[in-house]
There are 2 protein chains.
Amino acid sequence: MTRSTETLVARRARLLGPTYRLFYDRPVHLVRGEGVWLWDEEGTRYLDMYNNVPCVGHCHPRVVAALTQAASTLNTHTRYLHEAVLDLAETLLATMPGELGHVLFTSSGSEANDLALRVAMAATGGTGIIATRSAYHGNSQLTAGASPVLAPGVPPGPGVYAVPPPPAARDGIDVGEVFAAGVRAALGQMAQDGVKPAAIIVDDIFSSDGVFIAPRGFLGPAVEAVRAAGGVYIGDEVQPGHGRTGVMWGFQQHGVVPDLVTMGKPMGAGHPVGAMAARPALLEAFGRTSNYFATFGGNTVSSAVAKVVLDVIADEQLLANAEAQGAYLRAGIETLAQRHEPIGDVRGAGLFLGVAIVKDRRAREPDPAATAAIINGLRERGVLVGGATANVIKVRPPLPVRQDDLDIFLETFDATLSALPHR
Amino acid sequence: MTRSTETLVARRARLLGPTYRLFYDRPVHLVRGEGVWLWDEEGTRYLDMYNNVPCVGHCHPRVVAALTQAASTLNTHTRYLHEAVLDLAETLLATMPGELGHVLFTSSGSEANDLALRVAMAATGGTGIIATRSAYHGNSQLTAGASPVLAPGVPPGPGVYAVPPPPAARDGIDVGEVFAAGVRAALGQMAQDGVKPAAIIVDDIFSSDGVFIAPRGFLGPAVEAVRAAGGVYIGDEVQPGHGRTGVMWGFQQHGVVPDLVTMGKPMGAGHPVGAMAARPALLEAFGRTSNYFATFGGNTVSSAVAKVVLDVIADEQLLANAEAQGAYLRAGIETLAQRHEPIGDVRGAGLFLGVAIVKDRRAREPDPAATAAIINGLRERGVLVGGATANVIKVRPPLPVRQDDLDIFLETFDATLSALPHR
């Protein structure tokens with residue numbers, strides 16, 4: 001570590017305490033971002049193949065301009081009338097199926113998921129929540145309790161039932177049936193426990209489970225089982241939403257319309273904003289009795305920023321780019337896989353890929369040590385990625401990434417894999 | 001309502017559903033803000049005597065400049081090294097007693113309170129939470145459950161015990177002893193119920209209870225009782241913090257140092273940011289096991305904004321202004337009270353005053369109808385205030401308010417009171 005890095009690490013420990021974590025064996029000290037590029041304090045440039053939050057690219061000029069314009073004009077809340085929140089709501093709902101008729105605004109994906117779980121419980125009268133075994137849905141008490149990946153440090157909340165994630169799609173496996181069987185078992189256990197189901201909440205790309213989104217339609221039978229038991233389906237779009245998978249929403253990959261949809265991370269391209277869209281009937285009880293209000297939710301500035309992000313996604317045709325570049329990226333990794341045995345599997349959709357790293361492709365034995373070596377090796381070579389699980393590398397660049405950027409990634413990935421110690 | 005107002009109201013119902021509420025019988029459609037002034041779509045100017053979020057004044061040029069500068073340079077999270085979050089943490093902790101050694105960042109006051117309650121439970125091993133009867137601490141499942149003002153729509157969460165708010169300070173009442181008696185009774189009930197205490201959480205100015213902050217030191221005995229029973233004191237500074245009462249933190253008015261301090265609303269002058277400061281020992285268990293992370297919490301842009309707000313408060317001597325103008329405002333309202341029988345009581349500190357409206361000053365019978373008439377009457381005369389409770393008017397202008405602004409308020413308040421129908 002450089003002297004300046006050491007100083008910052010020490011200041012963090014002193015001021016922020018033991019909670020915060022840093023990426024990489026040698027943490028990166030960033031000072032500037034533009035498009036898909038980041039620079040550290042020594043002027044070293046990094047290709048950002050990880051950050052989904054700056055979905056339209058780092059420091060997009062239209063986002064900065066809209067933020068500045070709005071912040072210098074008026075910043076206030078939804079207890080006064082203003083067009084900005086309505087223009088945002090209208091634009092957002094227009095990207096969704098007609099069943100989703102209302103939208104509420106928050107400051108983060110955690111707040112959106114917390115709200116969705118509250119609405120689901122109010123609407124169903126139930127308390128049972130189904131989440132996948134390594135799911136992450138937020139950092140509030142309710143959402144952390146519905147995030148089994150945090151166990152045992154954070155034990156599951158009351159009424160939370162963890163189910164196995166979808167299996168990797170391969171010949172001979174009916175992914176939808178296998179996943180639904182786990183969900184039905186949880187519903188059976190709820191019935192035995194006298195717990196009324198409220199919701200199944202899934203990250204529509206199953207990111208922290210290891211990235212699972214194929215084959216199309218596999219989510220259907222599980223959602224059907226939950227609805228038959230009186231619960232609702234919360235589509236957590238904090239990770240897959242806003243065009244990440246080549247279509248606007250991850251649930252479109254599944255062909256099922258959620259009852260509640262939550263959004264966060266990319267929604268403001270870094271500006272703290274989140275939202276929950278709902279089928280109107282679900283909001284009735286909660287809306288009239290809860291006295292729900294969020295000071296920052298739907299404020300004039302955040303609304304303007306979230307609106308321009310949607311505009312940029314449309315105007316720059318970033319869905320098409322995510323699909324096309326995602327296909328190129330995936331094909332490139334698959335080509336590398338022919339020469340590099342540690343690449344066990346590439347999965348995902350659009351510009352959200354998971355690359356499983358294994359000791360032996362046939363046995364599919366996870367290789368966390370090689371995974372960490374690759375992530376750190378890429379960082380040393382100027383490419384930033386991260387982990388989805390201990391042995392799945394998450395490749396998830398800003399949506400405007402171009403083919404020549406991906407060529408840099410693929411060359412660097414190749415070099416990093418080649419430099420792995422032989423076993 | 002104007003045509004444009006009607007259109008916006010209809011769009012809100014259609015797009016946002018039944019959850020959102022508007023201020024005033026004739027809602028205000030705002031289009032611009034500057035300092036203590038707001039303008040509607042017809043060019044009418046309003047004196048803002050209500051909004052604490054734009055604490056340094058609407059659209060403060062230094063805040064807008066810092067936001068623009070940061071957003072056009074880099075917006076990323078705490079898993080990379082960056083000075084901004086550390087400079088903010090250092091500046092913030094320097095305003096607090098030395099016992100508060102660490103700070104974590106969130107996107108809202110609700111998130112900060114949710115986090116503080118989680119940390120209190122982890123640190124104490126308890127689940128019992130004491131909150132005052134009309135307290136509001138947030139909109140997440142955990143904080144809404146600890147917000148008895150939301151009942152019965154939102155029932156109290158498990159382990160939440162509501163206690164009576166402090167009584168109004170008047171001759172012959174030992175406010176501290178009366179308040180502590182309620183807290184001790186709740187602790188006794190917890191013991192009977194087999195619930196281990198985790199925390200007392202109080203809004204340090206008891207805003208939604210009706211604004212109670214006097215006499216100095218009254219909180220001490222209650223906090224002492226909670227600590228003796230193994231619980232901690234969470235000072236909720238979302239309303240009184242950032243200089244509102246003429247000192248930086250509301251707890252300074254009580255002469256007690258909290259174990260956890262939460263911040264929100266004014267922290268970014270409208271930008272969505274919150275924080276929790278902690279005694280380091282309390283963070284140990286939670287910090288090491290919870291894997292707590294907030295994507296937006298402590299991001300480079302929000303940190304820069306929250307830092308410049310602290311700088312403006314210091315550079316423009318807004319604490320001294322809040323104290324001086326608050327005293328002038330209070331004296332002015334007390335003078336009006338000599339001629340206007342409905343003013344039952346003026347209380348608070350600095351620029352956070354509650355004015356109780358009563359039918360008869362001797363009997364102190366609340367007058368919600370007159371309260372609503374005054375709030376709407378002020379709005380019609382170009383001054384914005386709001387309600388703390390059904391019969392307490394909340395007067396809480398941006399901190400840079402000047403004496404000539406307050407004279408406008410006092411004249412308008414006088415005229416509004418004079419125009420109340422005689423009974």
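User: Looking at strand β7 of chain B, is that strand buried or exposed?

Analyst: In this predicted model, strand β7 of chain B covers residues 197-203, and 7 of the 7 residues are buried, so the strand is largely enclosed by the rest of the structure.

User: Which strands does β7(B) pair with?

Analyst: One partner is strand β5 of chain B, residues 128-132, which pairs with β7(B) in the parallel sense over 3 bridges. Another is strand β8 of chain B, residues 232-236, which also runs parallel to β7(B) and is joined to it by 5 bridges.

User: And which residues sit across from each other there?

Analyst: On the β5(B) side, I130(B) has I200(B) of β7(B) as its bridge partner, while towards β8(B) it is V202(B) that stands opposite G235(B). As general background, strands of a sheet pair through backbone hydrogen bonds, either parallel or antiparallel.

User: What do β7(B), helix α7 and β8(B) make together?

Analyst: Helix α7 of chain B, residues 220-228, joins with β7(B) and β8(B) in a right-handed β-α-β unit.

User: Which residues of α7(B) are buried, and what covers them?

Analyst: The buried residues in α7(B) are P221(B), A222(B), V223(B), A225(B) and V226(B). Their cover includes the strands β5, β7 and β8 of chain B, together with helix α6 of chain B, residues 175-193. If you follow the chain just past α7(B), you come to G230(B), which takes a positive phi of about 100°.

User: Switching topic, where is C59(B)?

Analyst: You will find C59(B) in the loop between β3 and α2 of chain B, where α2 covers residues 61-71. Although C59(B) is in a loop, it counts as buried because it has 21 C-beta neighbours inside 10 Å, and the cut-off for that label is 20 or more.

User: What is C59(B) in contact with?

Analyst: If we leave aside the neighbours within four places in sequence, the contacts of C59(B) in chain A are with A71(A), S72(A), T73(A), L74(A) and N75(A), and those in chain B are with G33(B), E34(B) and V64(B). A separate point concerns A269(B), which is 210 residues away from C59(B) along the chain, while the C-alpha atoms of the two are separated by 8.3 Å.

User: How many residues does each chain bring to the contact between A and B?

Analyst: Chain B has 79 residues in contact with 79 residues of chain A. On the chain B side, these divide by class into 37 nonpolar, 30 polar and 12 charged residues.

User: Now chain A by itself: how many helices and strands?

Analyst: Chain A has 13 helices and 15 strands. Its radius of gyration is 21 Å, close to the 22 Å that the globule rule gives for 423 residues, so chain A is as compact as a globular protein of that length. The C-alpha trace of chain A spans about 60 × 55 × 45 Å along its principal axes, and 61% of the 423 residues count as buried.

User: What are the domains of chain A, and what separates their centres?

Analyst: The domain assignment gives domain 1 as 3-56 + 317-418 and domain 2 as 62-315, and the centres of the two, taken over C-alpha atoms, are 25 Å apart. Where they touch, 24 residues come from domain 1 of chain A and 28 residues from domain 2 of chain A.

User: Which element gives the largest share on the domain 1 side?

Analyst: That is α11(A), with 5 residues of the side of domain 1 of chain A that touches domain 2 of chain A. By class, that side of domain 1 has 14 nonpolar, 6 polar and 4 charged residues.

User: One more: what is the strand order in the open sheet of 4 strands in chain A?

Analyst: The order is β1-β2-β3-β13 in chain A, with mixed pairing, and the edge strands are β1 (30-34) and β13 (383-384), each of which pairs on one side only. Within this sheet, β2 (residues 37-40) and β3 (residues 45-48) of chain A run antiparallel and are joined by 3 bridges, with W37(A) having L47(A) as its bridge partner.

User: And what is the order in chain B's open sheet of 4 strands?

Analyst: In chain B the order is β1-β2-β3-β13, and the pairing is mixed. Strand β3(B), residues 45-48, pairs with β13(B) in the parallel sense over 2 bridges, and L384(B) is the bridge partner of D48(B).

Key
Residues are numbered from 1 along each chain as its sequence is written. Chains are lettered from A and ligands numbered from 1 in the order in which they are written. This is a predicted model: local features need pLDDT of at least 70, side-chain atom pairs count only at pLDDT 80 or more; totals for chains, interfaces and linings use all residues. A residue is buried if 20 or more other C-beta atoms lie within 10 Å of its own, exposed if 12 or fewer, and partly exposed in between; C-beta atoms are placed from the backbone. Two strands pair if DSSP finds at least two bridges between them. A crossover is right-handed if, with the strands pointing away from the viewer, the path from the first strand over the helix to the second runs clockwise. Domain bounds come from an automatic or database domain assignment. Two residues are in contact if their C-beta atoms, placed from the backbone, lie within 7 Å. Ala, Val, Leu, Ile, Met, Phe, Trp, Tyr, Cys and Pro count as nonpolar, Asp, Glu, Lys and Arg as charged, and the others, Gly among them, as polar. The radius of gyration is taken over C-alpha atoms; the globule rule is 2.2 Å times the number of residues to the power 0.38.
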